[in-house]
Amino acid sequence: MRQLNGRAMYVNNTRPLNIFFERILLKDIVRKCMQLFRRLEERVMTTSSLNASSQLLVGELLKRATHRSAFMDAFKYETEARTFQELDQRASHLAAWLMARGLKREDKVGFIMKNSLAIVEVFFGVALSGYAGVPVNFRLGAMELEYILNDSDCAILFIDEEYADIVWEMKERL
């Protein structure tokens with residue numbers, strides 16, 4: 001963990017990955033995830049209760065999918081996979097960790113990560129914690145990253161290890 005002017009920066013220490021899905025953006029991951037959850041809901045819910053489920057929060061959708069299909073693969077990436085139960089456990093652990101940091105309800109949690117299972121876990125962990133997530137495009141240059149990080153005022157920032165030096169260099173300006 002490194003400190004950035006009183007803000008914590010956490011580095012995902014996994015090895016850099018050759019990303020098969022490199023062109024898929026976070027919004028595509030979220031869209032695919034929502035489609036998967038909807039398909040799961042359709043299998044077990046009636047039409048009237050399916051309409052009510054469209055107003056659930058992302059974290060609640062994960063909990064519901066875990067309850068219904070705990071051992072079904074939620075996400076696969078290269079040779080790794082996470083079942084709904086594993087994803088829920090890891091995201092819940094991260095959510096509890098975030099809440100234990102003493103953040104205020106209006107604080108934001110940023111993340112600069114390439115597509116991987118780690119970004120899915122962070123995304124759902126932030127959603128379960130109730131904080132606002134700020135996904136930042138990993139393809140941005142240093143000036144754009146600095147602008148977005150300053151404008152969003154993230155209390156905590158999760159990054160892949162390869163972005164640690166870039167963010168560390170701009171710490172004085174954040």
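Which residues does F124 touch, not counting residues up to four places away in sequence? In this predicted model, the list comprises C33, F37, V58, L62, F75, L87 and A91. F124 is a helpful place to begin a tour of the interior, as its relative accessibility is 1% and it counts as buried.

One of these partners, F75, leads to the aromatic residues. A pair of aromatic rings is described by the distance of the centres and the angle of the planes. The structure holds three aromatic pairs. In one of them, the ring centres of F75 and F124 are 6.5 Å apart and the planes meet at 50°, so this pair is tilted. F75 belongs to strand β3 (residues 73-77), while F124 belongs to helix α5 (residues 117-129), so the pair ties together parts that lie 49 residues apart in sequence. Like F124, which is buried, F75 is buried, with a relative accessible area of 15%. F124 also pairs with F123, and here the arrangement is edge-to-face, with 5.3 Å from centre to centre and 80° between the planes. F123 and F124 are both buried. Together, F75, F123 and F124 make up one aromatic cluster. Another ring, that of Y131, has a charged neighbour: R105 lies over its face, at 5.7 Å from the ring centre.

The view can now be widened to the nonpolar cores. In soluble globular proteins, nonpolar side chains tend to be buried together. The largest nonpolar core here has 32 residues, and those with the most contacts inside it are F37, F75, L98, V109, F124 and F158. At least two residues of this core come from each of α1 (26-44), α3 (58-68), β3, α4 (84-100), β5 (108-112), α5 and β7 (154-160). Helix α5 gives the most, with eight residues. Apart from this core lies another, of 14 residues, including V136, L145, L157 and M170.

L145, one of the residues of that other core, also introduces helix α6. Within α6 (residues 142-152), the buried residues are L145, E146, L149 and S152. Viewed down the axis of α6, they fall within an arc of 145°, so they line one face of the helix. A general rule helps in reading such a pattern: an α-helix has 3.6 residues a turn, so residues three or four places apart point the same way. M143, Y147 and D151 are exposed on the other side of α6. Just after this helix comes D153, which takes a positive phi of about 55°.

Two further buried residues deserve a look. M113 is found in the loop between β5 and α5, and its relative accessible area of 4% makes it buried. Although M113 and F158 are 45 residues apart along the chain, their C-alpha atoms are separated by 7.6 Å. F158 has already appeared among the residues with the most contacts inside the largest core.

T66, in helix α3, is buried as well, with a relative accessible area of 10%. Its side chain reaches the backbone oxygen of F84 at 3.2 Å. Leaving aside neighbours within four places in sequence, T66 is in contact with F84, Q85 and D88.

How values were computed
Residues are numbered from 1 along each chain as its sequence is written. This is a predicted model: local features need pLDDT of at least 70, side-chain atom pairs count only at pLDDT 80 or more; totals for chains, interfaces and linings use all residues. Side-chain values use heavy atoms; hydrogens and water are left out. Rings of Phe, Tyr and Trp (its six-membered ring) pair if their centres lie within 6.5 Å; planes under 30 degrees apart count as stacked, over 60 as edge-to-face and the rest as tilted. Helices (H or I, at least four residues) and strands (E, at least two) are DSSP runs, numbered from the N terminus. Buried means under 20% relative accessible area, exposed over 50%, partly exposed in between (1.4 Å probe, protein chains only). A charge sits over a ring if NZ of Lys or CZ of Arg is within 6 Å of the ring centre and within 35 degrees of the ring normal. The arc is that of the directions from the helix axis to the C-beta atoms. A nonpolar core is a set of buried Ala, Val, Leu, Ile, Met, Phe, Trp, Tyr and Cys residues joined through side-chain atoms within 4.5 Å. Contact means heavy atoms within 4.5 Å. A polar contact is a pair of N or O atoms within 3.5 Å; within protein, one must be able to donate a hydrogen and the other to accept it, and residues adjacent in sequence count only if both atoms are side-chain atoms.
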